[in-house]
Amino acid sequence: GTRPIARSDPDTRTMGDVKTVDVAGSLFTNQYCDVKIKGASLSKNPVESGSCFDQTLPMMHRRAGAHPKIDAPVPKYEARSMTHRWPTDKGRASEFLRKGDGDRIKAGVLRKPKPDIGPPKAGAFKPRDNPPNSLFRKVYENGDLPVAVSTGTKNEIAWKVERVDKLDYHHYLPIFWDGVREKEEPYRFLAVKGVEDMLKAGGQKILPVIPQLIVPIKTALNTRDPAVVCIVLQLLQKLVVSADMVGEALVPYYRQILPILNLFKNKNVNVGDAIDYGQRKRTCIGELVLETLQLFETYGGEDAFINIKYMVPTYESCINL
């Protein structure tokens with residue numbers, strides 16, 4: 001059995017509201033506020049994406065979340081000491097500092113010496129490549145998805161079926177999850193809203209599809225794009241509470257999901273003693289990671305905490321023992 005939830009813990013107050021959060025609708029709302037109120041510029045579509053009236057150019061040579069190529073200098077092997085050393089320039093005799101050059105450096109007359117070459121930055125938090133080559137985009141452009149953009153006033157999509165729960169979840173749900181990492185409209189909205197609608201109406205049809213969702217989830221998280229990671233975390237929260245035993249079915253796949261969550265766990269917004277009025281936008285990755293881990297522990301059974309602790313060592317339990 002599962003342990004009781006610590007209802008007195010303030011960090012668990014938002015768990016009951018996960019199902020009612022409209023992730024896809026908030027994408028347009030937040031963008032409207034940024035453009036109309038803050039005066040931000042609209043993001044332009046990538047050149048390789050083409051247009052909504054044409055097929056996207058193939059991107060077979062690029063992989064989402066791939067390790068970037070580092071062009072920085074590498075250490076050279078020294079046979080005498082059998083070690084790798086970073087190359088340094090010997091410099092000319094006129095470049096050596098002499099007595100009294102300190103005052104000249106402060107005055108800006110003499111240029112500062114070049115620092116020694118060191119190891120390059122790891123770039124752990126740097127966004128990685130996210131090409132527009134998702135399976136969702138390809139299937140949607142071929143006209144094989146039963147969805148279309150709704151022309152109503154609400155942020156909804158028009159399903160071409162009578163009931164969403166009659167769809168083949170083994171086929172369609174992984175495709176919609178693969179489109180979550182899209183950054184261009186209407187692909188992003190259709191994918192996110194499609195996942196929300198299918199999770200809401202799926203019921204017991206969601207549990208058998210969990211193994212097929214791990215690769216799209218891992219691919220979206222590996223992009224390390226803050227906008228994409230925030231969407232994936234909110235959808236993961238909806239996935240955990242969508243049906244019975246889903247949280248426990250995700251426990252064997254913590255090794256694929258949690259490394260990125262461990263990376264962004266402490267990436268919070270530091271505003272000092274000011275007030276953050278943008279909490280409703282749910283763009284703080286640190287808070288979303290903590291809420292997601294707490295939901296994993298709450299719905300993951302008795303083995304969830306020890307597996308979370310193995311992958312995220314700084315995580316503390318939110319359940320009363």
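Which helix is L288 found in? Select L288 and colour by secondary structure: the residue is found in helix 10. Keep in mind that this is a predicted model.

**Stop 1: L288**

Show the side chain of L288. Is L288 buried or exposed? Its relative accessibility is 2%, and because the cut-off for buried is under 20%, L288 counts as buried. Now show its contacts. Setting aside residues up to four places away in sequence, L288 touches C230, L233, Q234, Q237 and R282. Then add F264. The C-alpha atoms of L288 and F264 are separated by 9.6 Å, and the two residues are 24 apart along the chain.

**Stop 2: the whole of helix 10**

Extend the selection to residues 285-299, which make up helix 10. Place a distance between the end C-alpha atoms: they are 21 Å apart. That agrees with expectation, because 15 residues at 1.5 Å a residue should span 21 Å.

Next, colour by accessibility. Helix 10 is mostly covered, with twelve of its 15 residues buried. Among them are I285, G286, V289, L293 and F296. The buried set also includes E291, T292, Q294, E297 and T298.

What do the buried residues of helix 10 pack against? Turn on helix 7 (226-240), helix 9 (254-263) and helix 11 (304-311); these are the packing partners. Finish at G301, which follows helix 10 and has a positive phi, near 85°.

**Stop 3: the largest cavity**

Run a cavity search over the whole structure. How many cavities of 30 Å³ or more are there? The search finds two. Go to the largest cavity, which holds about 40 Å³ of space.

Select its lining: V18, V21, V23, Q234, Q237, K238 and R282. Helix 7 supplies the largest share of this lining, three residues. By type, the lining divides into three nonpolar, two polar and two charged residues. Keep Q234, Q237 and R282 highlighted. They line the largest cavity, and they are also among the residues that L288 touches.

**Stop 4: the nonpolar core**

Clear the cavity and display the largest nonpolar core, a set of 66 residues. Which residues have the most contacts inside this core? Pick W177, L239, I257 and L258. The largest share of the core, ten residues, comes from helix 7.

Centre on I257. Beyond its neighbours within four places in sequence, I257 is in contact with I214, I217, L221, L236, L250 and F296. One of these, F296, is a buried residue of helix 10, so this view links back to Stop 2.

**Stop 5: T219**

From I257, step to T219. Their C-alpha atoms are separated by 9.6 Å, with the two positions 38 residues apart along the chain count. T219 has its place in helix 6 (residues 210-222). Is T219 buried or partly exposed? Its relative accessible area is 21%; because buried means under 20%, T219 counts as partly exposed. Leaving out neighbours within four places in sequence, T219 is in contact with A64 and R181.

**Stop 6: helix 5**

Last, select residues 187-202, which form helix 5. This helix has 16 residues. From first C-alpha to last, helix 5 reaches 22 Å, close to the 22 Å expected at 1.5 Å a residue. Colour by accessibility again: 14 of the 16 residues are buried, so helix 5 is largely enclosed by the rest of the structure. End on G203, which follows helix 5 and has a positive phi, near 65°.

Methods:
Residues are numbered from 1 along each chain as its sequence is written. This is a predicted model: local features need pLDDT of at least 70, side-chain atom pairs count only at pLDDT 80 or more; totals for chains, interfaces and linings use all residues. Side-chain values use heavy atoms; hydrogens and water are left out. Helices (H or I, at least four residues) and strands (E, at least two) are DSSP runs, numbered from the N terminus. The expected span of a helix is 1.5 Å times one less than its number of residues. Buried means under 20% relative accessible area, exposed over 50%, partly exposed in between (1.4 Å probe, protein chains only). Contact means heavy atoms within 4.5 Å. On a 1 Å grid over the protein atoms alone, a cavity is a set of points where a 1.4 Å probe fits but cannot get out, and a pocket is an open set with protein on both sides within 12 Å along at least five of seven lines; lining residues have an atom within 4 Å of a point. Grid points are joined across faces, edges and corners, and a volume is the space filled by probe spheres set on the points. Ala, Val, Leu, Ile, Met, Phe, Trp, Tyr, Cys and Pro count as nonpolar, Asp, Glu, Lys and Arg as charged, and the others, Gly among them, as polar. A nonpolar core is a set of buried Ala, Val, Leu, Ile, Met, Phe, Trp, Tyr and Cys residues joined through side-chain atoms within 4.5 Å.
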